[in-house]
Amino acid sequence: MIESLLPAYVSCAATREESVPDGTLFPEEEALVARSVPKRRNDFATARACARRAMGRLGLEPVAVLHGKRGMPLWPEGIVGSLTHCDGYRAAALARDAYALSLGVDAEPHAPLPEGVGELVVRPSERARFAGPPGGDAGAAGAIHWDRLVFSAKESVFKTWYPLTLTELDFDEADLTFHQEDDDDDRAAGGTFTARLLRTDPALPPVLDGKWRVEDGIVATAVLLRPDWREAGGAQEG
């Protein structure tokens, strides 16, 4: 699913398994989750199993994936990437830095956000857009839960932003516009989105482009920033 949102030069691996065999983690990784509850450990381990599959597809030897501040994965030199995990889906996306400056992926259960969370995530301008087209029918996939889609897309934006700036980006500091595309598969829906950054940084363009998809109970989003975004006129494709 994630792979459908990113160019072919991005190596993606995903699983719907909730756990992996003992011994999957490197000792350095085990130390990071030694005191974690089982769910946290399973999320951590399955995402890293995906990361090592993605590494292999890039011709890399498997290595431990530790993390820095804000849980930012620490990749081998010359590699950029992103991890995501939710109930029913885990994925990793990696690319060589010659092709991608930064990237972010996110997956979430396709369900409404918990009560009260939407008000923190969705800006009034975004909510007003959802009252009209492309607003909501995804055919057999059912109505799109736009609040959850906004949450996921902003997570992908943050994961793209943070490695380049090492600063926080709040939910209300990106204003998103979504576009829905026709899909021959009536079990899925998807399209593109643009994120206008309300707090800018010279490391990134003022607008990031991304892609989204809803399928099999999961909403997935992805953003990719190319190294040549300045030469491309300050915009880029997700």
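Tutor: Two residues are in contact when they have heavy atoms within 4.5 Å of each other. The structure above is a predicted model, and the contacts below belong to that model.

Student: Which residues does Ser 102 touch, not counting residues up to four places away in sequence?

Tutor: Ser 102 is a residue of strand S6, and its relative accessibility is 3%, which is under the 20% limit, so it counts as buried. Its side chain reaches the backbone oxygen of Thr 160 at 2.9 Å, and Thr 160 also appears among the residues that Ser 102 touches. Once sequence neighbours up to four places away are set aside, the residues touched by Ser 102 are Lys 159, Thr 160, Pro 163, Leu 164, Val 223, Leu 224 and Leu 225.

Student: Which element gives the largest share of the lining of the largest pocket?

Tutor: The largest pocket has a volume of about 750 Å³. Of the 34 residues lining this pocket, Arg 70, Gly 71, Pro 73, Leu 83 and Lys 159 are the closest to its centre. Two or more lining residues come from each of helix H2 (38-57), strand S4 (79-86), strand S6 (102-109) and helix H5 (146-165). The largest share of the lining, 8 residues, is given by S4.

Student: By class, how many residues in the lining of the largest pocket are nonpolar?

Tutor: The lining of the largest pocket can be sorted by class, and in that sorting 7 residues are polar and 9 are charged. The number of nonpolar residues in this lining is 18.

Student: Which element gives the most to the largest nonpolar core?

Tutor: In soluble globular proteins, nonpolar side chains tend to be buried together. The largest nonpolar core here has 31 residues, and Val 157, Phe 178, Phe 193, Leu 208 and Trp 212 are those with the most contacts inside it. At least two residues of this core come from each of H5, strand S7 (174-181), strand S8 (188-197), strand S9 (207-215) and strand S10 (218-225). With 9 residues, the element that gives the most to this core is H5.

Student: How many residues are in the second, separate core?

Tutor: A second core, separate from the largest one, includes Leu 5, Leu 6, Cys 86 and Ala 93. The number of residues in this second core is 20.

Student: Is Ala 220 buried or exposed?

Tutor: Ala 220 has its place in strand S10, and its contacts beyond four places in sequence include Met 1, Ile 2, Leu 5, Ser 152 and Trp 212. Its C-alpha lies 13 Å from that of Asp 87, although the two residues are 133 residues apart in sequence. Because its relative accessibility is 0%, which is under 20%, Ala 220 counts as buried.

Student: What is the distance of the polar contact that joins the side chains of Thr 165 and Trp 161?

Tutor: Thr 165 belongs to helix H5, and at 13% relative accessibility it counts as buried. Away from its sequence neighbours up to four places off, Thr 165 touches Asp 201 and Leu 204. The polar contact that joins its side chain to that of Trp 161 has a distance of 2.9 Å.

Student: How many Å separate the C-alpha atoms of Arg 48 and Asp 170?

Tutor: Arg 48 lies in helix H2 and counts as buried, because its relative accessibility is 5%. Its contacts beyond four places in sequence are Leu 25, Glu 29, Val 65, Leu 66, His 67 and Leu 83, and Asp 170 is 122 residues away along the chain. The C-alpha atoms of Arg 48 and Asp 170 are separated by 26 Å.

Student: Is Glu 28 buried, partly exposed or exposed?

Tutor: Glu 28 is in helix H1 (residues 27-32), where its contacts, leaving aside neighbours within four places in sequence, are Ala 64 and Leu 66. Its relative accessible area is 42%, which falls between the 20% and 50% limits, so Glu 28 is partly exposed.

Student: What is the value that phi of Asp 216 is near?

Tutor: Asp 216 is in the loop between S9 and S10, and it is exposed because its relative accessible area is 55%. Leu 166, in the loop between H5 and S7, also has a positive phi in a residue other than glycine, near 55°. For Asp 216, which likewise has a positive phi without being glycine, the value is near 50°.

Note on methods:
Residues numbered from 1 in each chain as written. Predicted model: local features only at pLDDT ≥ 70, side-chain atom pairs only at ≥ 80, totals over all residues. Heavy atoms only, no water. 1 Å grid on protein atoms, 1.4 Å probe; cavity = no way out; pocket = protein on both sides within 12 Å on 5 of 7 lines; lining within 4 Å. Points joined across faces, edges and corners; volume = space filled by probe spheres on them. Helix = DSSP H or I, 4+ residues; strand = E, 2+ residues; numbered from the N terminus. Nonpolar A, V, L, I, M, F, W, Y, C, P; charged D, E, K, R; others polar. Core = buried A, V, L, I, M, F, W, Y, C linked by side-chain atoms within 4.5 Å. Buried < 20%, exposed > 50% of the residue type's maximum accessible area, 1.4 Å probe, protein only. Polar contact = N/O pair within 3.5 Å; in protein donor to acceptor, adjacent residues only side chain to side chain.
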